[in-house]
Each structure stands twice: as structure tokens, then as C-alpha cells.
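Got the viewer open and a selection box ready? Here is a short tour, stop by stop.

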Amino acid sequence: MQKTRLKEMINSIDYAAAGNQMYQLVSDLYPICRSITGNGVRKTLNKIKPIIPLEVNEVPTGTKVFDWNVPQEWNIQDAWVKNSKGEKIIDFKKSNLHVLNYSAPIRKKVTLNELKGHLYTLPDHPDWIPYRTSYYQKNWGFCISHNQFAELKDESYDVFMDSSLEDGALTFGEFHLKGASSDEVLISTHICHPSLCNDNLSGMVLSVFLGKYLSQVTLKYSYRFLFIPGTIGSITWLSLNEKKASRIKHGLVVACVGDSGNFTYKKTRQGNAEIDKVVGHALQNSQKGFDIIDFFPYGYDERQYCSPGFDLPVGCLMRTPHNEYPEYHTSADNLEFVNPENLSTSLALYLDVFNILEENKKYMNQNPMCEPQLGRRGLYQHIGGHADSKKIQLALLWTLNLSDGRHTLLDISERSGLDFSLILEAADILVEKDLLKEHQIQN
Ligand SMILES: [Zn+2]
């Protein structure tokens, strides 16, 4: 059976239902304590596997990846602090954010003063627990609300961190979807955060659903999905796949896509890549507020993809950027902070982006000496039967005129001021009438 085109599937998706399914997956993954390595990541990838058949890779501790080394693997079973009465006042089982992520194991009695040296709070949001990590500096610690911190009594405390830091592996997931071309679109998301929803369960779950939907259609490009720990994961993948990386012709880092803020697109380092134009057009088309910002060498894994040695055309499409919402990296980035509707709007935007990418071809007008006679070819029937006959007529004329092997459909859309979908519709009609032929670029 012939698979459908993405443009057809996009219109047949029940977005409200998809939003609910995505939110359900966010809820399922929320309790897991993840980090840059360890069983939390494996458990997470195993829950994704039934939806998209990703490959799970393990890279041993100590593997040299460019200027870095794959760190020791961190796992945690339990952690708590008890007061002098033996009451658990901080309990990992109540929230995995209570533990400084990558804390070394410890069991000891401490004074209040010593304990305070290992506690992290957020004085500006005294009810919230902060999310803190110490990946590359051996330490132990707990994160608590500032209100609780203020009430701690001067007594002795019993500290227990049942964690392990041992040689093991860095785990990441990869899903490769083969299209007609070996040229690839990269979709990269980090998977290293514990119970935090927008950053970055939303990105993970959206990537899973993009994989699921894109598997159902005929694709021009191949798609490579990476589910990796932030920074060390992209460095590891790039180091292991240095040669393959040049196949990546377009890419997006998916993060923070479940909150209610406007969309923000951070451009590629190149700044004028096709993906930059495509996302810009899709945002314009979405008729919602948005921001487009220039590349800067901070943020998520685009930093590695856009390092000068690779300089891949990879941007980052999010809603509110990290650090620009107070809930970021706190216990308030929870299941109330994201919702099904926001997830589904993000899904629709991403699919629109990939649809434009997939269809953004160059054509050759097969009748370039003056205009073809539209009536004789039955084209006025198409025009007359169209909801906006004036616009489709213009779209046909623009597409015929600019299909000289140099302009993509997106170029034609931008120059004419007509929607990409209308130009695509015109191109489809003209191909059917043998007035256009796809322009094959010789490599
Ligand atoms: Zn983060």
C-alpha cells in the first residue's frame, strides 16, 4: 500500500487526542529520576520503545569524546536526612529533586552548619525546590524549599545518600527513519532531567510523537532522532559519528514545548539556512505571536551541533526559552505547568515545519515560452472550483513563472506573499497537467 504524503496526514490528525496522549506520556515519565547516565535514562527509553522502535546505545565510562570523557555512571536508590528525633525531614522518595543530581554516596551525622553547606534553596520562591546538579565535581547535597530551610533547628542530623558512582555507561536512544534520500533531518532532545515537565519531558515526548507520525508517511529526507543527555550526549554522538554528521542538512533541538508562552526560534549559527527560512515561514503562518532570535553559544545541544568544526544547520524551536520563566529548573515545572493543548499546538507547528521541508522542491516549467493556455488544459475548472479562486490563479501563475530550476516553492511563496500551502497546491496541479517537472539537482 502506498503511504500518504505528510501534507495529507497533517490534516487528518486529531490534535486534541494527540495532545492528551502526549500529556499522558509526560505523566508516565514524570516520576522517573533521570540524570546524564544511569537506570533512569534506560527506564525512560524503555517506555518510549513501544511507541517508536529506537535503538538504545551504551558508551562505556572513560570513552574519550573530543575534549571530554564519558563520566562514571550514577544511580540512586534512596536518600534522606533525619533530625535528632529520627524523623525524615528530607525524603528522595517524596521528590527526586531533593537530591543534588550526581551526589556521591554518604552516610554520616552532621551538625546544622555542616548540613547547610550542602543544602540548596530558592529564596525568591520559598515554596519551590530547586533542581541542581554536580556532574563533574564530586559532591553531595540536598535541595529543599527555602521555607523549610528557614525552620531547621540547631541539632544533629543523620544524612543518608544511597547512590553509586561507578564505571558503567552513558546511555542514549537513536531512531533512524529512512527516507528516499540519505540526506538527514536531525531532531535532538535531551533526556537527562528528573521530575521536570517543560524542561524537558515536553521535548522528549514531542520528539516521540514526531517519530510516530513521520513513520506513517512517505519521506523525502531521512530523519535521525536523538534522545541524549544534554551536552555530554551530543558531544558523544558527534564524536562517534563524525563522518555521518555531514549528512545532516537540517536540524532542530526540541525543548520547552509544553508551556503556554509564545514560540521562540533560535536560529542556526549560519543564520540563513533553509531550516531558518522554513521555521520563520511556519511561525508566520501559525498566526500566533512568536520571536526569532539569533544564535548564541549557550543553551541546549545546538551549541555542540553549531560548534565551528561541525557548523551544522541546527536551530532550536521552543516556546518560552529556558531561564526566561521562573519555574525553570524548579519543582514548579510540574504537571500543571504544561498541558495537552500546548503540546498539541507545538506538534502542529513542528509537523508544519517538516511538511514545508519535505515539499520545498525546485521545479522546471515545461512550457516556459510565454504562458501556457490554462483553459485548454482544464485549469480554469480548478480555479473556478477553489474556495479562493483569485488566490489560486495567482499561485498558479507565480509557480509557473518562478519555476526555472532556481527558486524553491518557499522562495515562490515568499516572493508572491502567498501561503506555502497554496503554492504547493498550485505546484501539485501543474505537475498533474505536465506543466511542471521536479528539477533534479545533480550532486
Ligand atoms: Zn535544563
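How many nonpolar, polar and charged residues does the lining of the largest pocket have? By class there are eight nonpolar, eight polar and 13 charged (Ala, Val, Leu, Ile, Met, Phe, Trp, Tyr, Cys and Pro count as nonpolar, Asp, Glu, Lys and Arg as charged, and the others, Gly among them, as polar).

Before you click further: this is a predicted model, where local features need pLDDT of at least 70 and side-chain atom pairs count only at pLDDT 80 or more, while totals for chains, interfaces and linings use all residues. Numbering starts from 1 along each chain as its sequence is written, and side-chain values use heavy atoms, with hydrogens and water left out.

**Stop 1: the pocket.** Select K220, Y221, N360, K361 and E438; of the 29 lining residues, these are the closest to the centre of the largest pocket. Its space comes to about 940 Å³. A pocket here is an open set of points on a 1 Å grid over the protein atoms alone, where a 1.4 Å probe fits, with protein on both sides within 12 Å along at least five of seven lines; lining residues have an atom within 4 Å of a point. The volume is the space filled by probe spheres set on the points, which are joined across faces, edges and corners. Among the elements that each supply at least two lining residues are α10 (340–359) and α14 (420–432). Helices (H or I, at least four residues) and strands (E, at least two) are DSSP runs, numbered from the N terminus.

**Stop 2: the zinc ion.** Show H193 (NE2), D199 (OD) and H329 (NE2), which coordinate the zinc ion at 2.0 to 2.1 Å. Donors are N, O and S atoms within 2.8 Å of the metal (3.2 Å for Na, K and Ca); water is not among the atoms, so sites may look incomplete. Along the chain, the spacing reads H-x5-D-x129-H. H193 counts as buried because its relative accessibility is 8%, and D199 has 0%. Buried means under 20% relative accessible area, exposed over 50%, partly exposed in between (1.4 Å probe, protein chains only).

**Stop 3: helix α6.** Select 197–214. Of its 18 residues 17 are buried, so α6 is largely enclosed by the rest of the structure.

**Stop 4: strand β10.** Select 157–166, where eight of ten residues are buried. β10 pairs in the antiparallel sense with β5 (residues 73–82) over nine bridges, and W74 stands opposite L165. Two strands pair if DSSP finds at least two bridges between them.

How values were computed: Expected span 1.5 Å × (residues − 1).
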